[in-house]
Amino acid sequence: MSKLFDEILDFALRKKLFYKNQKIGIAISGGGDSVLLFHFFKHIKKTFNLDLVLLHFNHKIRSDSDEDEQFVESLAKRYNFELYKESKDVIKFSQDNKKGIEEQARVLRYDFFKSCKENFNLDKIATAHTKNDLVETFLINLIRGASLDGLSSLKPIRDFYIRPILSIEKSQILNFLDEHNLQYRTDITNFDTKYKRNKVRLELIETLKTYNPNIISTLYKEIEMLNADAKFLDKLAYENFIESTVCFPNKAIINLSILSNDYAIKSRVLKLAVKKITHSYYSLSFVNINRLINTIENDKTVVLRKLIKASKMQNFLVIERL
């Protein structure tokens, strides 16, 4: 096994991303990152007795999108892998739904992944997010304004999605592919700075490298520490949530004498309560967390986005779904 594959496998096992005898869908666009991910899983397939399938979503954004699809088809045929694919006109969906192209592409792509998970009984779906993607997401969320959770939102595992190459830099991937003469497709839209992520990668990060040439690795370590802090706070918050909160299908009642006075814990408990009664449909913003806390402190009733009503009754906060 190559040194790079050793590094990826060590990360995957430490993070408990997958186990032996599982059925895993590999999200593959044809680009370098996903091609490396494919070859990694192909390499360990026998050792872990994995049932592997390829998942390709054609966004129809570029004129050569169909060539990417054909490339993935040839890869699947060459190595005898089952391939599930879908095509959608993302630009048209974006215009019809009045969403940005990047956002709409992500929604449609993950809808496809979810349907594959359900229709083909996949245990996990592996995506090819890299260390660079992690840092870019961190910077985008930092600029936009985000909580600790938001800044560390791209994690090695989320639900049934796993990111085995999250600790690997893009440069390592390209070097490996070139050294082993492994073909991959290049997405020319990755160089178009009208897209926010590309602008961050091509302009902001390159500027940051003039201050610190190792900025990707430096920020990766910072994000790892933020993840650890967030995980610890989530654990404390969940314990306080269990002690303080009773949930019904459309209502949560929080005992304020038990609810933590610490803002970091209190805000997380409120988020958990709202997610519980809305079935994760609605996540509280920073502003609305503070409106709920203001309700606790000033005995006011508040309605959030015509979806949630919260009021204080004696020593309890009652949050209802409207």
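**Entry 1: the second largest pocket**

I take helices, as used here, to be DSSP runs of H or I with at least four residues, numbered from the N terminus. The model I examined is predicted.

I began with the second largest pocket, which holds about 250 Å³ of space. Its lining has 14 residues, and I noted Ser147, Leu148, Asp149, Lys271 and Ile289 as the closest to the centre. I then listed the elements that give two or more residues to this lining: helix H7 (148-151), helix H11 (263-278) and helix H12 (286-298). Which element gives the most to the lining of the second largest pocket? I found that H11 does, with four residues. By class, I recorded seven nonpolar, four polar and three charged residues in the lining of this pocket.

**Entry 2: the cavity**

I looked next for enclosed space and found one cavity of 30 Å³ or more. The volume of the largest cavity is about 30 Å³. Its lining consists of Phe11, Leu134, Leu154, Lys155, Pro156, Leu166, Tyr220, Glu224 and Asn227. I noted that helix H10 (residues 215-244) supplies the largest share of this lining, three residues. The lining of the largest cavity divides into six nonpolar residues, one polar and two charged.

**Entry 3: the six-stranded sheet**

I turned to the sheets. Strands of a sheet pair through backbone hydrogen bonds, in either the parallel or the antiparallel sense.

I read the order of the open sheet of six strands as S3-S2-S1-S4-S6-S5, with mixed pairing. Strand S3 (82-87) and strand S5 (157-158) are at the edges with a single partner strand each, so one side of each has no neighbour in the sheet.

At one edge, I found S5 paired with strand S6 (residues 161-162) in the antiparallel sense over two bridges. Isoleucine 157 stands opposite isoleucine 162 in S6. I then looked at what packs on this sheet: helix H2 (residues 32-48) touches strand S1 (23-27), strand S2 (51-58), strand S4 (124-126) and S6, and the direction of H2 makes about 155° with that of S1. Helix H5 (residues 101-119) lies across S1, S2, S3, S4, S5 and S6, and I noted that H5 runs at about 150° to S2.

For the S2 and S3 pair, I recorded six bridges and a parallel run. Asparagine 58 stands opposite serine 87 in S3. I followed the chain from S2 through helix H3 (residues 65-78) to S3 and entered this β-α-β crossover as right-handed.

**Entry 4: the five-stranded sheet**

I read a second open sheet, of five strands, in the order S7-S8-S11-S10-S9, with antiparallel pairing. Which strands stand at its edges? They are strand S7 (245-248) and strand S9 (302-304); each has a single partner strand, so one side of each is left without a neighbour in the sheet. I noted that neighbouring strands of this sheet are turned by 15° against each other on average, direction ignored.

S9 and strand S10 (residues 308-313) run antiparallel and are joined by three bridges. I identified lysine 309 in S10 as the bridge partner of valine 303.

I closed with the helices on this sheet. H10 packs on the sheet, touching S7 and strand S8 (251-255), and its direction makes about 75° with that of S7. H12 also packs on the sheet, where it touches S9, S10 and strand S11 (316-321); the direction of H12 makes about 160° with that of S9. I cross-referenced two linings: H10 contributes to that of the largest cavity, and H12 to that of the second largest pocket.

Technical notes. Residues are numbered from 1 along each chain as its sequence is written. This is a predicted model: local features need pLDDT of at least 70, side-chain atom pairs count only at pLDDT 80 or more; totals for chains, interfaces and linings use all residues. Side-chain values use heavy atoms; hydrogens and water are left out. On a 1 Å grid over the protein atoms alone, a cavity is a set of points where a 1.4 Å probe fits but cannot get out, and a pocket is an open set with protein on both sides within 12 Å along at least five of seven lines; lining residues have an atom within 4 Å of a point. Grid points are joined across faces, edges and corners, and a volume is the space filled by probe spheres set on the points. Ala, Val, Leu, Ile, Met, Phe, Trp, Tyr, Cys and Pro count as nonpolar, Asp, Glu, Lys and Arg as charged, and the others, Gly among them, as polar. Two strands pair if DSSP finds at least two bridges between them. Contact means heavy atoms within 4.5 Å. Axes are lines fitted to C-alpha atoms, for helices over the stretch in contact, and angles run from 0 to 180 degrees between N-to-C directions. A crossover is right-handed if, with the strands pointing away from the viewer, the path from the first strand over the helix to the second runs clockwise.
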